[in-house]
Amino acid sequence: MHMKYFIVTYGCQMNVHESEKLAAICEKMGYSLAEKREDADLIVFNTCAVREGAEDRVFGNVGALKKLKKKKPSLIIAVCGCSTQKESTANYIMNTFPFVDIVIGTFNLPNFESYVNAVKTGRQMELLQEGELDETIGYKRTSGDNAWVNIMQGCNNFCTYCIVPYVKGREKSRAEKNILSEIKALIEEGKYKKITLLGQNVNSYGKDLSPQVPFSKLLKDICKLQGDFSVTFMTSHPKDLGDDLIDVIATEDKVLKEVHLPAQSGNNRILALMNRRYTREKYLEIIRKLREKVPNVRLTSDFIVGFPTETDEEFLDTLSLVKEVQFDGIFAFMYSPREGTVASKMEGQIPLSVKKKRVNELLALEKKIQKDKKNQE
Ligand code: SAH
Ligand code: SF4
């Protein structure tokens with residue numbers, strides 16, 4: 001009988017795109033997509049480590065497969081991605097869920113096929129510490145007329161709350177010519193109207209290449225490709241969003257007039273503790289320039305409330321920033337301590353009840369802003 005696979009993805013767009021690579025590997029092995037996990041012979045969890053909630057959901061959902069495995073002992077269960085890149089989590093899964101067959105980290109993904117083949121000889125666990133950019137495996141694209149295109153992996157910023165640099169390694173940019181030829185081929189396929197460039201901090205694209213290629217140049221070169229398509233990107237870091245990029249967004253018709261620019265906090269002391277390397281004033285200056293040069297630009301942002309030592313007054317600065325900018329949408333997160341990060345060891349962790357109160361206040365403000373904007377239309 002035909003073998004089937006099912007992938008469960010947690011986390012960001014980059015993980016969604018990684019799962020498109022996993023799907024391509026599964027199909028190359030001869031598996032086809034199952035409609036639901038009960039029908040599958042191979043179930044893969046592609047995990048996220050950014051916040052505690054995402055990890056807890058993985059544990060719950062993996063645990064729930066015990067029954068399925070009992071019914072179908074040949075079922076192969078794999079857990080991979082950012083969460084299992086951490087040794088403590090990988091060990092926890094191996095010890096808690098004896099029916100899980102494969103536990104691998106982010107850097108092991110290109111070898112996924114060999115782990116599946118090796119299951120016959122026993123359970124697999126491996127966490128490579130570093131990985132090369134993989135240009136050989138394709139993607140089974142699953143996002144309609146939007147095609148995700150990875151332009152870099154990893155992050156060098158070490159925001160003190162964030163696990164990403166620990167599980168994704170240092171920044172590595174793909175060669176510009178490889179990105180351009182991937183996009184050219186996508187456009188020629190004729191199925192895609194929108195290209196979304198992905199990276200943890202796209203503004204530092206190309207700094208590790210020789211010669212260096214600024215992100216604004218990459219974007220301009222993409223716009224020179226023939227065809228009827230638009231291009232957008234995420235995520236931008238305010239510390240390196242320069243005038244050159246604002247000019248490209250303003251002048252190139254193919255670039256969508258939208259920027260996701262996570263501010264994280266509106267308070268300078270908290271921003272410094274977060275190691276974000278910009279101030280509230282610098283952030284507002286970028287917003288002012290963007291709005292000046294790109295009329296009607298769609299602006300969205302991320303915020304973290306309850307970072308260690310954040311006082312009520314400092315939280316008010318976040319509310320006032322959100323009020324001042326009038327974003328087109330924001331994500332608000334309660335700070336979640338991540339093992340091994342600087343902030344997780346800071347004194348002055350904020351009680352959950354306070355974080356909840358703050359996140360609700362921020363979300364209520366956001367709701368009001370969106371309602372008022374709608375009424376003005
Ligand atoms: N590279 C991107 C986003 C990475 S994670 C950037 O720098 O903006 C996506 C969002 O998750 C972040 O913008 C932040 O708001 C949130 N986040 C990251 N770590 C977190 C943590 N420990 N607790 C709560 N939210 C977190
Ligand atoms: Fe995490 Fe900061 Fe890197 Fe974004 S820029 S991935 S928040 S360390």
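Domain bounds are taken from an automatic or database domain assignment. On that basis, domain 2 (143–256) and domain 3 (258–377) each contribute at least three residues to the shell around ligand 1. The structure is a predicted model, in which local features need pLDDT of at least 70 and side-chain atom pairs count only at pLDDT 80 or more, while totals for chains, interfaces and linings use all residues. Residues are numbered from 1 along each chain as its sequence is written, chains are lettered from A and ligands numbered from 1 in the order in which they are written, and side-chain values use heavy atoms, with hydrogens and water left out.

A residue is counted as near a molecule if one of its heavy atoms lies within 4 Å of it, and the same limit applies to a strand. There are 15 residues around ligand 1, of which Arg51, Gln200, Gln264, Asp302 and Ser336 come nearest. By class, this shell holds 7 nonpolar, 4 polar and 4 charged residues; Ala, Val, Leu, Ile, Met, Phe, Trp, Tyr, Cys and Pro count as nonpolar, Asp, Glu, Lys and Arg as charged, and the others, Gly among them, as polar. Strands β13 (298–305) and β14 (329–334) each provide at least two residues of the shell. Helices (H or I, at least four residues) and strands (E, at least two) are DSSP runs, numbered from the N terminus.

Polar contacts are pairs of N or O atoms within 3.5 Å; within protein, one atom must be able to donate a hydrogen and the other to accept it, and residues adjacent in sequence count only if both atoms are side-chain atoms. A side-chain N or O atom of Arg51 lies 2.8 Å from an oxygen atom of ligand 1. For Gln200, a side-chain N or O atom is 2.7 Å from a nitrogen atom of the ligand. At Ser336 the partner is a polar backbone atom, 2.8 Å from a nitrogen atom of ligand 1. The ligand taken alone exposes 540 Å², and the protein buries 90% of that. Accessible areas come from the Shrake-Rupley method with a 1.4 Å probe; for residues, only the protein chains shown count as cover.

Gln200 is also one of the residues around ligand 2. The others are Cys155, Asn157, Phe158, Cys159, Tyr161, Cys162, Val164, Pro165, His237 and Arg276. This second shell comprises 7 nonpolar, 3 polar and 1 charged residues.

Three features of the backbone lie in loops. The peptide bond from Ser210 to Pro211 is cis, with omega near 0°, and Pro211 falls in the loop between β10 (194–198) and α8 (215–223). Met234 and Thr235 are likewise joined by a cis peptide bond, with omega about 5°; Thr235 is in the loop between β11 (230–234) and α9 (243–251). Asn275, although not a glycine, has a positive phi of about 60°. The loop that contains Asn275 runs between α10 (268–273) and α11 (280–293).
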